[in-house]
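Good morning, everyone, and thank you for making the time. I would like to walk you through one structure today, going from the overall fold to its surface and then to a pocket.

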Amino acid sequence: MSPRELDELVPFDFIDLVEAHKMATKTQDVKDAYYACMITNVQIAKGKHIKVQDVVETFHPVTRIDRKREEQRFIEEWTTAGGEI
């Protein structure tokens, strides 16, 4: 992105860019955690394997805002599918 394009951004566009960057970073972290777990679990006893989700949660903990968004999405999907609240 050029400086001119950055200067012409509307605040909502900038927020969207930041969110997209966060999602891309989290996706890459999940991939890295997967491969790290695969490499590490070869050396660990069978009952004590490391889970990818545990590794990812240390870097990206779930916040109240994330939980609220997930709850809102669930309610929207539930009501559009014909469910009652």
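**The pocket and the chain around it**

Let me begin with the pocket after all, because its lining is a good place to practise reading residue classes: by class, the lining of the largest pocket is made up of eight charged, five nonpolar and three polar residues. Please keep in mind throughout that what we are looking at is a predicted model.

The volume of this largest pocket is about 590 Å³, and of the 16 residues that line it, those closest to its centre are E19, K26, P61, D66 and R69. Which elements give two or more residues to that lining? They are α2, covering 11-41, α3, covering 52-59, and α4, covering 64-80, and it is α4 that gives the most, with five residues.

Stepping back to the whole protein chain, we find four helices and zero strands, so that reading along the sequence gives the pattern α-α-α-α.

As for the overall dimensions, the C-alpha trace spans about 55 × 50 × 20 Å along its principal axes, and the radius of gyration of the protein chain is 19 Å, whereas a compact globule of 85 residues would have one near 12 Å.

How much of the protein chain is buried? Buried residues account for 5% of the 85 residues, where buried means under 20% relative accessible area. The accessible surface of the protein chain, finally, comes to about 7,900 Å², and 59% of that belongs to carbon and sulfur atoms.

Conventions
Residues are numbered from 1 along each chain as its sequence is written. This is a predicted model: local features need pLDDT of at least 70, side-chain atom pairs count only at pLDDT 80 or more; totals for chains, interfaces and linings use all residues. Side-chain values use heavy atoms; hydrogens and water are left out. On a 1 Å grid over the protein atoms alone, a cavity is a set of points where a 1.4 Å probe fits but cannot get out, and a pocket is an open set with protein on both sides within 12 Å along at least five of seven lines; lining residues have an atom within 4 Å of a point. Grid points are joined across faces, edges and corners, and a volume is the space filled by probe spheres set on the points. Ala, Val, Leu, Ile, Met, Phe, Trp, Tyr, Cys and Pro count as nonpolar, Asp, Glu, Lys and Arg as charged, and the others, Gly among them, as polar. The radius of gyration is taken over C-alpha atoms; the globule rule is 2.2 Å times the number of residues to the power 0.38. Buried means under 20% relative accessible area, exposed over 50%, partly exposed in between (1.4 Å probe, protein chains only). Accessible areas come from the Shrake-Rupley method with a 1.4 Å probe; for residues, only the protein chains shown count as cover.
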